[in-house]
2 protein chains.
Amino acid sequence: MYDVMVNIKSVLKEQGFKLTSQRRATLEVMLKNQDKHLSADEIYVEVKRTNPEIGLATVYRTVLLFEELGIISKHNFEDGRNRYELSHPEENHDHHHLICLKCGGVSEVEVDLLGALEGIIDKKHSFKVVNHKVKFYGLCSKCR
Amino acid sequence: MYDVMVNIKSVLKEQGFKLTSQRRATLEVMLKNQDKHLSADEIYVEVKRTNPEIGLATVYRTVLLFEELGIISKHNFEDGRNRYELSHPEENHDHHHLICLKCGGVSEVEVDLLGALEGIIDKKHSFKVVNHKVKFYGLCSKCR
DNA sequence: ATCTTTGCAAATGCTTTGCACATTC
DNA sequence: GAATGTGCAAAGCATTTGCAAAGAT
């Protein structure tokens, strides 16, 4: 995998933001947990292991900044808090999520397949789609 | 349009719930605002016009019950509160929403077109899809 | 008569904000 | 050195909950 950190550093610089140790640490936590969907509080707990002085408010601010920069994306899985994951650099749209109604497990879908639908939306509603958030609710392989 | 109220009444009865004036009033507000996506507080304000004695907590409880019964569906448009709309009785899945990133307007998409994708999800992940929530973010006809 | 539902107010819990101090560039 | 970023504690706000009274079947 290429050096995400170097890339992010230049993204921040370009936009006039500073690369602080808190931001670096937060990004490292996201990199290490690419398979998970962490809440702000969970990120906070993880970051605290290397940067014990960090405050929860900083995590919230960092996560907001990263989302605005397109580095991470925010998801709501109806559990009362927002959850975050690193954006896959090769994707131009968010990937879909499968949410099990029984065990609550969340997994990812790699296929997009929304091109036809977005074409229709463009034609019928003249709405220019930039991104999408797609969640499928149902029963996972273990629970069905 | 057929008599939704009669239908709901029997749904409630079947499950052992009572048809109270608060529930009837809440349902009437949802019926009158089928084109909108009301928050609990907005429903509360509307219901108060005919039932001034209702409490906000009751609206929250009613909205939760109606969602569990499949009468209404809950959506999160990232504005800090949940929003509700009457389920279209002829749909077996939630319809999709278009959210304008500029003006914040929300509109509906009548086509589903997720059959192929759900078929793939079943085969590849052996995940049985029951419902979906699909939001497209972009620019509406006025704002693009 | 019994079990459910409601209103009120208080509690909960995530997220945001004000401000003085610290840190990057 | 100037502007941005941080930590802490307090505030904000949507939603939930406990409880005694009211209502539905």
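Let me start with one pair of residues: Leu139(A) has Lys128(B), in β6(B), as its bridge partner. That pair belongs to a longer run, in which β6 of chain A, residues 128–139, and β6(B) lie antiparallel and are joined by eleven bridges. I should say now that this is a predicted model.

On to the protein interface. Chain A and chain B each put 39 residues into the contact. In chain B, the residues that lose the most area to chain A are Leu117(B), Phe127(B) and Phe136(B), which together make up 19% of what that side buries. The two chains bury about 3300 Å² between them, and 67% of that is on carbon and sulfur atoms.

There are also polar links. Between chain B and chain A there are three salt bridges. In one salt bridge, the side chains of Lys124(B) and Glu110(A) meet at 4.0 Å, N to O. Across the interface, 16 residue pairs are in polar contact. On the side of chain B that touches chain A, β6(B) gives the largest share, twelve residues. By class, that side of chain B has 19 nonpolar, eight polar and twelve charged residues.

Now the DNA. Around strand D there are 19 residues, and the nearest are Thr20(A), Arg23(A), Thr58(A), Arg61(A) and Tyr60(B). Of the strand D atoms within 4 Å of the protein, 69% are sugar and phosphate. Arg23(A) has a polar side-chain atom 2.9 Å from a phosphate oxygen of strand D. Two side chains approach bases: Arg61(A) places a polar atom 2.7 Å from a base nitrogen, and Lys18(B) has a side-chain N or O atom 2.9 Å from a base nitrogen.

Methods
Residues numbered from 1 in each chain as written. Chains lettered and ligands numbered in written order. Predicted model: local features only at pLDDT ≥ 70, side-chain atom pairs only at ≥ 80, totals over all residues. Heavy atoms only, no water. Near = heavy atom within 4 Å. Polar contact = N/O pair within 3.5 Å; in protein donor to acceptor, adjacent residues only side chain to side chain. Contact = heavy atoms within 4.5 Å. Buried area = accessible area lost by both parts, 1.4 Å probe. Helix = DSSP H or I, 4+ residues; strand = E, 2+ residues; numbered from the N terminus. Nonpolar A, V, L, I, M, F, W, Y, C, P; charged D, E, K, R; others polar. Pairing = 2+ DSSP bridges.
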